[in-house]
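Me: I have a structure to go through with you, and I would like to take it one question at a time. Could you walk me through the reasoning as we go?

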Amino acid sequence: MAITREHELHARRRKRNAMLGLVLLGFVVMVFAITLVKLDNGGTVEGFDHAVRPGLVEPSE
Amino acid sequence: MTDMTASQQRDDAEFGDYFALLKPRVMSLVIFTAAVGLFVAPGAVHPVIALSSILFIAIGAGASGALNMWWDADIDRVMKRTQSRPVPDGRVSAGDAKVLGLWLSVIAVVMLGLTANLLAAGLLAFTIFFYAVIYSMWLKRATPQNIVIGGASGAFPPMIGWAVATGGVSIEAILMFALIFMWTPPHFWALALFMNDDYTKAGVPMLPVTRGTRVTRNHILIYTLLLAPVGPLLAFTQIGGPVFLAASLALNALFLRGAWQLYRRNDAGATADQYAAERKFFRLSLAYLFVHFLALLAEAALRWAGINWGQWPLWM
């Protein structure tokens, strides 16, 4: 059975959830922006992946 | 998990109650000093990296605030100054404060490491550890030197900001650290003088509680004297200059005069005017730190505008 009566508590929870949603959305946007900047500035994109990655080997001499 | 029953917890906590756990006022000071440390450092940082790094430093500081509120809920319930905090007021359970503090600590440190560098992340982790464990859990209830050593946690943010920009720590970062570190004791002891009743009730061994107000007044003067050379020393580094030196000399003159006045007073005089001089000295201490860092920012702005003091002597 669904809760049909709206309590003040529900409104309060909805507001809290909405705020948390905004914070999480902001976090996602921020991580995305950081990623773009890092890629733009040529940060390390490839990491060790349990296999030989020729692109990661430093040229000798 | 929690020591309160359903009847004690009034309602569901609001979002603002969780935000209050992060000590927003302390956080604003952390944001300001970390930002100054970052902006005055040599080398350019991308605005997105700078902004997000400062945010993660602030979240880390907030996390240690939440951990402090979890640990100190029993003291906070007794002291008038802290009674309305979310945990003693029953709006958030102590367990929730702990979980929030722990998770935000992890997120802040990991994200700062990914965004800036590992040194900055390591310093942030150490700062959180220092405030939550060394200060809150260990020193605060054990020794009247609690705030002298605990002050280090408040002094780290500009050094972390500097590490974000440069990837290292240098004499400038250490002197910015020293400025806040040496400033903390006179600042908090002035507060403790007129909040003495609170600390006595809560059994926190602040200096006026354990050694009396006479010793506290002496200590304020001694630490203000020790603090005085730090600003002028910073003036003769890469990030200093005549504007900063002038500001620092003026602020130190005011602060020393205030400390001298407190030294000359006694409890009878202080009670007579309801600790007017102590309150004034406390407000002055806030301005002292704020204007010092503002002056550093001004010097950076002047350098950025192409004005450099050609013959300005540097000792380092």
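Me: Thanks! How many residues does the contact take from chain A and from chain B?

Reply: Happy to help, and please keep in mind that this is a predicted model. Two residues count as in contact when their C-beta atoms, placed from the backbone, lie within 7 Å. By that cut-off, the contact takes 11 residues from chain A and nine residues from chain B.

Me: How do the residues of the side of chain A that touches chain B divide into nonpolar, polar and charged?

Reply: Chain A itself has one helix and zero strands, and buried residues make up 2% of its 61 residues. On the side of chain A that touches chain B, the residues divide into six nonpolar, one polar and four charged.

Me: Moving to chain B, which element gives the largest share of the side of domain 1 that touches domain 2?

Reply: The domain assignment of chain B gives domain 1 as 14–169 and domain 2 as 170–316. In chain B, 28 residues of domain 1 are in contact with 27 residues of domain 2. On the domain 1 side, the elements giving two or more residues are α2 (24–40), α4 (73–78) and α7 (146–166) of chain B. The largest share, 10 residues, comes from α7(B).

Me: How do the residues of that side of domain 1 of chain B divide, and what distance separates the centres of the two domains of chain B?

Reply: The side of domain 1 of chain B that touches domain 2 of chain B divides into 18 nonpolar, six polar and four charged residues. Taken over C-alpha atoms, the centres of domain 1 and domain 2 of chain B are separated by 21 Å.

Me: What span should helix α3 of chain B have, at 1.5 Å a residue?

Reply: Helix α3 of chain B covers residues 47–71, which is 25 residues. Of these, 20 are buried, so α3(B) is largely enclosed by the rest of the structure. The end C-alpha atoms of α3(B) are 36 Å apart, which agrees with the expected span of 36 Å.

Me: Is B:Glu172 buried or exposed?

Reply: B:Glu172 sits in helix α8 (residues 171–194) of chain B. Leaving out residues up to four places away in sequence, B:Glu172 touches B:Trp162, B:Thr237, B:Gln238 and B:Ile239. A residue is buried if 20 or more other C-beta atoms lie within 10 Å of its own. B:Glu172 has 23 C-beta neighbours inside 10 Å, so it counts as buried.

Me: What distance separates the C-alpha atoms of B:Glu172 and B:Trp183?

Reply: B:Glu172 and B:Trp183 are 11 residues apart along the chain. Their C-alpha atoms are separated by 17 Å.

Conventions:
Residues are numbered from 1 along each chain as its sequence is written. Chains are lettered from A and ligands numbered from 1 in the order in which they are written. This is a predicted model: local features need pLDDT of at least 70, side-chain atom pairs count only at pLDDT 80 or more; totals for chains, interfaces and linings use all residues. Helices (H or I, at least four residues) and strands (E, at least two) are DSSP runs, numbered from the N terminus. A residue is buried if 20 or more other C-beta atoms lie within 10 Å of its own, exposed if 12 or fewer, and partly exposed in between; C-beta atoms are placed from the backbone. Ala, Val, Leu, Ile, Met, Phe, Trp, Tyr, Cys and Pro count as nonpolar, Asp, Glu, Lys and Arg as charged, and the others, Gly among them, as polar. Domain bounds come from an automatic or database domain assignment. The expected span of a helix is 1.5 Å times one less than its number of residues.
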